[in-house]
Amino acid sequence: MFRIPPPDAEGKPDLAAFEAGTTYADHFLHPFLQALDMLGVRPRLVYNHEAYAEGRYVEHVRTALKERNRVREIIESISGRELADAWWPYSPVDERGCMDGLTVTGFDDTHVHWSAEDGRSGSCDYTKGEGKLPWRLDWPAKWCWLDVTCEAFGKDHGTTGGSYDTGAELCRLFGSEPPQGLTYEWISLRGQGAMSSSAGTTVGPIEALQLVPPEILRYLIASTKPAKAIEFDTGMGLVNLADAYERLLRHDLEAKLEDEELSRRKRVAIEDDISATRLSSVEERSVRPGAVGVTFRHLAMLAQIRSSNDEVWGMIPNEGVDRTEFDARLDRMRHWIASHHFPDEMRVGIREEPNSERLANLTAEEENLRKALIANFEQSQEEGWTEANLSANVPDAAREVDLPLREAYRLTYELLLGVDVAPKLAPLLAAMEPSRVLRLMRGV
RNA sequence: GGGCCUGUAGCUUAGCCAGGUAGAGCGUCGGGCUUUUAACCCGAUGGUCGCGGGUUCGAACCCCGUCGGGCCCGCCA
């Protein structure tokens with residue numbers, strides 16, 4: 001894959017890009033590595049084509065060739081499939097760089113001999129990487145020379161008789177103990193396909209990271225058992241996920257653990273939460289992750305009522321908050337809000353017309369409250385339509401007519417927005433035209 | 001055809017490998033909170049553990065079967 005050109009927008013070979021040094025492998029690897037970087041994963045990369053060229057696989061290739069029958073027996077007995085008579089545990093590459101249609105005819109200490117369908121024949125030097133092991137052998141050989149102790153893989157490899165099972169036995173044939181295996185289920189984007197590193201596109205994770213803070217994406221994975229399928233919900237599920245994560249961060253989990261009265265079950269649950277939050281952190285840091293002055297949910301509202309980042313910045317307790325990180329967060333939020341993923345129930349919508357249905361059914365108390373509110377709003381209009389002036393309007397009116405605060409807010413929301421629960425009212429009011437607020441309150 | 005994973009409260013799920021009174025968060029409902037970060041605090045509500053058998057003093061857990069969802073059985077990586 002490092003020797004062929006990348007696909008262009010239409011999926012055809014892009015020779016111009018290839019000339020410039022981008023390969024087919026780069027094309028798919030780049031966005032994947034970019035996603036890893038955003039998630040705080042800093043891998044050490046080992047390029048397989050280089051490893052072959054450097055001779056890392058020589059011993060394994062030689063063993064596989066010499067033990068051809070044993071290798072065949074392992075694969076056939078464990079996977080239950082039958083290999084063709086002409087099968088060899090090595091895939092030679094011809095002088096044109098092609099692997100198709102070549103039949104192995106023999107081997108010696110350094111070369112594998114082959115013949116092609118069209119009558120050509122040749123030899124390739126396996127100490128120089130002029131060919132490779134088939135995947136089922138390549139994987140365990142890699143475990144050996146890299147001393148892999150734990151290998152996680154998708155469920156497609158984890159089934160009985162799958163490539164991990166055959167690999168484990170082949171690994172022993174190569175002289176090493178196989179790594180601890182860990183099978184994980186797949187992650188899918190709700191309504192879309194799987195997010196997979198090998199099944200083609202890496203658009204999934206990249207797209208997800210344009211909407212979600214990386215620590216929340218990490219939390220999604222860290223808080224789910226590997227064998228459980230994750231359906232990543234980019235709508236309301238994301239808000240709930242962020243809520244759950246931020247709620248965990250607010251609690252001092254370590255202190256809770258010191259309670260001697262805890263049942264074993266509860267203790268384990270808290271320990272799991274500690275692990276999940278620790279694994280969710282993108283960077284090693286002394287400050288708890290997510291300490292950015294504003295919750296995901298609240299930011300979703302602020303981003304909708306203020307279009308300038310500076311204004312939003314001024315609306316949160318921003319002491320000690322990194323401005324760059326905050327802007328990145330806010331930009332992601334705006335991107336999400338602008339996308340089709342953003343749930344309608346999170347959209348802050350001001351009524352176009354008065355809620356005449358509700359206005360016609362006010363109790364006497366509610367009517368009193370409405371009048372008091374109108375008076376307060378009119379006063380604010382004269383003294384200055386600012387958040388500071390507006391914030392006392394509802395509590396003052398509620399006290400005046402002796403109505404519980406919650407109900408006063410509920411009624412105000414119903415008249416202005418048409419829903420009975422909404423974000424903090426004052427900033428919302430401040431962002432509205434006074435005449436519009438009064439019209440909706442008066443109902444004319 | 002053979003095999004692997006999965007199904008627990010309205011939602012997200014822990015517990016299953018090593019059987020011992022089904023736990024949690026969200027939601028909902030009630031209460032608290034003299035400015036609401038869709039916040040916070042307190043309380044309550046809610047489960048035939050997919051279904052049917054079996055083993056056991058005792059089964060969400062072990063065994064057999066069955067239904068639903070996903071996957072594997074490539075000279076692909």
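**Entry 1. Asp 322**

I began with Asp 322, which is partly exposed at a relative accessible area of 42%. For this term I used the range between buried, under 20% relative accessible area, and exposed, over 50%, with a 1.4 Å probe and protein chains only. I record here that this is a predicted model, in which local features need pLDDT of at least 70, side-chain atom pairs count only at pLDDT 80 or more, and totals for chains, interfaces and linings use all residues. Residues are numbered from 1 along each chain as its sequence is written, chains are lettered from A and ligands numbered from 1 in the order in which they are written, and side-chain values use heavy atoms, with hydrogens and water left out.

I located Asp 322 in the loop between α15 (309-314) and α16 (323-338). Helices here are DSSP runs of H or I with at least four residues, numbered from the N terminus. The side chain of Asp 322 reaches the backbone nitrogen of Thr 324 at 3.3 Å. I also noted Gly 293, 29 residues from Asp 322 along the chain, with 9.6 Å between the two C-alpha atoms.

**Entry 2. Asp 138 in helix α6**

I next looked up Asp 138, which lies in helix α6. Asp 138 counts as buried, at 3% relative accessibility. Its side chain makes a polar contact of 2.6 Å with the side chain of Tyr 52. A polar contact is a pair of N or O atoms within 3.5 Å; within protein, one must be able to donate a hydrogen and the other to accept it, and residues adjacent in sequence count only if both atoms are side-chain atoms.

Asp 138 also forms a salt bridge with Lys 142, with 3.0 Å between the closest N and O atoms. A salt bridge is a side-chain nitrogen of Lys or Arg within 4 Å of a carboxyl oxygen of Asp or Glu. Both residues belong to helix α6 and are 4 residues apart, about one turn of the helix. Lys 142 is partly exposed, with a relative accessible area of 22%. Setting aside neighbours within four places in sequence, I listed Asn 48, Tyr 52, Tyr 57 and Leu 133 as the contacts of Asp 138, contact meaning heavy atoms within 4.5 Å.

**Entry 3. Other salt bridges**

My search of the whole structure gave 28 salt bridges. In one of them, the side chains of Glu 215 and Arg 329 meet at 3.4 Å, N to O. Glu 215 is in helix α10 (residues 214-222) and Arg 329 in helix α16, so this pair ties together parts that are 114 residues apart in sequence. Glu 215 is buried at 6% relative accessibility, and Arg 329 is buried at 5%.

I also found Lys 12 in a salt bridge with Glu 10, the closest N and O atoms being 3.6 Å apart. Glu 10 is exposed, with a relative accessible area of 63%. Asp 94, Glu 95, Asp 118 and Arg 120 are linked in a network of salt bridges.

**Entry 4. Nonpolar cores**

I then turned to the nonpolar cores, each a set of buried Ala, Val, Leu, Ile, Met, Phe, Trp, Tyr and Cys residues joined through side-chain atoms within 4.5 Å. The largest has 72 residues, and Phe 326, Leu 369 and Phe 377 have the most contacts inside it. Another core, of 33 residues, lies apart from it and includes Ala 64, Ala 116, Leu 137 and Cys 171.

**Entry 5. The surface near RNA strand B**

I counted a residue as near the strand if one of its heavy atoms lies within 4 Å of it. There are 37 residues around RNA strand B, of which Arg 81, Lys 155, Lys 225, Tyr 409 and Lys 424 come nearest. By type, 15 are nonpolar, 7 polar and 15 charged. Here Ala, Val, Leu, Ile, Met, Phe, Trp, Tyr, Cys and Pro count as nonpolar, Asp, Glu, Lys and Arg as charged, and the others, Gly among them, as polar.

The helices that each supply at least two residues include α6 (135-146), α14 (296-305) and α20 (393-401). The largest share, 4 residues, comes from α21.

On the strand side, 67% of the atoms of RNA strand B within 4 Å of the protein belong to sugar or phosphate, and the rest to bases. A polar side-chain atom of Arg 297 is 3.4 Å from a sugar or linking oxygen of the strand. I noted two contacts with bases: a polar backbone atom of Met 346 lies 3.3 Å from a base nitrogen, and a side-chain N or O atom of Ser 391 lies 3.0 Å from a base oxygen.
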